[in-house]
Amino acid sequence: MGMCRRRAAAYEAVATEEAAAADPLASPRAPTSPPPPAQTFVTATSLILRGCGAVYFFAFLAAFFQNRALIGSNGLAPAHMYFERLRLRPLDGFLAHPAIWWWVPLTDDRLDAAALAGLALSALVCVGLSCSAVMLALWLLYFSIVSAAEGSSFYAYGWESQLLETGFLAMLLCEPAPWRLRPSRPPSLPALWLLRWLMFRISIGAGLIKVRGDSCWTQRTCLWHHFETQPLPSPGSFVFHFLPRPVLSAAIDLDLFVQLYTAWLVLLPGIGPLRWLRRAGGFLQAGFMVNIALSGNFSLLNHLTVLPALACLDDACWPAWLRRAAPAGAPPRRNASRLLVDTAALIAVGYLSWPVVANLLQLDGRRQVMNSSFNSFRLVNTYGAFGSVGEARYEPILSVSSDGKVWTELDFPCKPGNVTRRPCFCAPYHYRLDWNIWFIGFKPHQSMLQQRERWLFTFVEKLLAGDELAISLLDRSSYAVFTDPNVPGKKRRPKFAKVDMWRYEMSAPLWELVTPWFRGETVTWWRRKYEEQLIPTVVIHQGQLALAAQ
């Protein structure tokens with residue numbers, strides 16, 4: 001706290017000296033002096049906007065490389081089939097599923113064009129060129145992709161709504177005109193408060209879903225298994241999983257303390273000593289997300305959640321090399337029309353927040369739901385993660401064969417498969433198929449396969465048919481299975497396929513595995529044991545997937 005106070009005093013002194021140098025006759029109390037950094041959020045605004053641009057960039061990047069195979073016209077869950085049924089009433093359809101596809105026909109090329117346009121615009125935001133028009137375009141483009149995938153489970157994740165809500169609020173931090181790509185005014189208080197309200201809901205929702213969900217959270221045992229059973233473990237997961245169990249139990253206490261109690265700090269006003277508590281709340285929430293990001297691959301979630309926490313940190317909290325000042329001659333506050341727009345947004349979000357609050361408080365007598373939206377534009381949503389934690393990891397392993405005797409297991413880019421392959425580190429990039437496969441590991445496995453993840457049957461069928469889009473979703477190490485080794489460039493198709501369930505366990509902590517791995521030795525990262533057959537041996541018969549003759 002003393003450091004922040006000293007930085008604030010130094011900043012004010014430098015500003016006064018610069019003003020005096022520019023005009024020797026100017027009074028130290030001249031109105032041109034900038035406000036004290038403890039009352040401005042120029043640095044936080046810049047970081048939030050650039051961070052939002054970076055998250056958008058990775059989201060559109062994953063969409064560009066994966067959407068054709070997942071939701072394209074020849075993908076696992078074609079989006080156009082779902083959307084064509086809704087195109088009869090464009091206006092009503094847009095209000096229910098915001099997207100550009102109500103007026104622009106949905107095709108694979110246009111799906112790619114939307115992703116490429118999003119990549120270009122988000123790159124501008126990353127380098128500091130942002131305005132409300134650019135942020136609105138990013139919001140609509142990404143909403144269009146999410147809406148297109150509405151009929152599948154590949155975009156059924158909480159961070160899709162969180163990115164859309166954060167992107168909407170980021171519009172309020174920018175200049176409205178496209179010819180003003182750099183902020184010329186500080187953010188308004190309503191815009192900052194909306195970001196803090198988002199941060200509060202994310203944190204408190206995640207904490208409440210834990211204490212109301214799996215009993216392992218109250219029994220302080222969830223983290224004994226979480227790092228091993230999470231969707232896509234990273235090398236860092238092999239550190240956290242092997243920590244002493246008393247340490248992991250204490251970490252649960254810290255987890256619930258941060259999410260349930262310190263979440264309230266971000267809502268405190270910046271008055272007197274309360275400013276220090278709000279700063280502490282912002283630092284705690286951001287630091288907690290960084291810690292989680294080190295423990296596994298959680299796609300966009302952690303990087304995205306850091307952004308609203310920054311709205312609690314005024315300019316006096318940042319080191320001099322990172323701190324940004326308002327542009328020369330910038331007005332000290334928003335103009336009246338923009339402040340009116342921000343206030344209207346604050347009122348609208350307040351009105352739309354009631355169902356979310358009712359859900360958190362369980363006023364309707366129902367169980368708390370997580371990662372849900374109560375309005376079609378997803379302006380206010382409810383969040384939460386890992387309300388339950390499995391005690392064992394089960395992986396579906398897909399194998400193919402040309403003769404039904406010699407089988408080759410296929411690997412995916414990031415999910416565990418080959419026990420000697422090093423775990424990946426891919427966040428914030430999102431391998432959507434790898435994440436969806438994780439859900440099949442929940443028992444009963446057949447129930448998950450037959451209901452939420454029926455796309456796996458289509459995927460197996462496309463692999464046996466030699467479909468290049470389906471093959472592109474595999475790890476590059478598995479491409480050779482579909483290439484004739486005797487004839488360069490010639491494709492081949494395996495005749496048989498099957499899917500088996502295996503139970504996986506981490507073999508050893510990272511510090512025992514990393515040295516032999518650096519030496520180039522073969523390292524066994526996982527141990528596994530056969531569990532059951534998920535899909536029996538199948539073939540393509542008359543253009544459809546069928547059981548192989550015994």
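This report walks through the helices, strands and nonpolar cores of one predicted chain.

The model is predicted, so local features need pLDDT of at least 70, side-chain atom pairs count only at pLDDT 80 or more, and totals for chains, interfaces and linings use all residues. Residues are numbered from 1 along each chain as its sequence is written, and side-chain values use heavy atoms, with hydrogens and water left out.

**Overview.** The chain has 21 helices and 7 strands; these are DSSP runs numbered from the N terminus (helices H or I, at least four residues; strands E, at least two). Of its 550 residues, 52% are buried, meaning under 20% relative accessible area with a 1.4 Å probe and protein chains only. Take contacts (heavy atoms within 4.5 Å) between residues at least 6 apart in sequence: 74% of them join residues at least 24 apart.

**Cores.** A nonpolar core here is a set of buried Ala, Val, Leu, Ile, Met, Phe, Trp, Tyr and Cys residues joined through side-chain atoms within 4.5 Å. The largest one has 138 residues, and Leu433 and Phe459 touch the most other members. Helix H2 (residues 42-71) chips in the most, with 14 residues. Another core, of 11 residues, lies apart from it and includes Met506 and Trp525.

Leucine 433 has plenty of company: leaving out residues up to four places away in sequence, it touches Gln66, Leu70, Leu76, Phe154, Phe412, Trp455, Phe459 and Leu473. Leu433 is also one of the buried residues of H17, alongside others such as Arg432, Asp434 and Trp435. In fact, 9 of the 9 residues of helix H17 (residues 432-440) are buried.

**Strands.** Strand S5 (residues 496-506) has 9 of its 11 residues buried, so it is largely enclosed by the rest of the structure. Its pairings are set out below; two strands pair if DSSP finds at least two bridges between them.

| Partner of S5 | Sense | Bridges | Example pair |
|---|---|---|---|
| S3 (residues 393-401) | antiparallel | 9 bridges | Glu395 with Trp502 |
| S6 (residues 526-541) | antiparallel | 9 bridges | Asp500 with Gln533 |

**A helix pair.** The axes of H13 (residues 274-294) and H14 (residues 301-309) come within 9 Å and cross at roughly 170°. That makes H13 roughly antiparallel to H14, a label for angles over 145 degrees. Axes are lines fitted to C-alpha atoms over the stretch in contact, with angles from 0 to 180 degrees between N-to-C directions. From H13, Gly282, Gln285, Ala286, Met289, Ile292 and Ala293 meet Asn302, Thr305, Val306 and Ala309 of H14.

Key: Angles under 35 degrees count as roughly parallel, over 145 as roughly antiparallel, 65 to 115 as roughly perpendicular and the rest as oblique. Buried means under 20% relative accessible area, exposed over 50%, partly exposed in between (1.4 Å probe, protein chains only).
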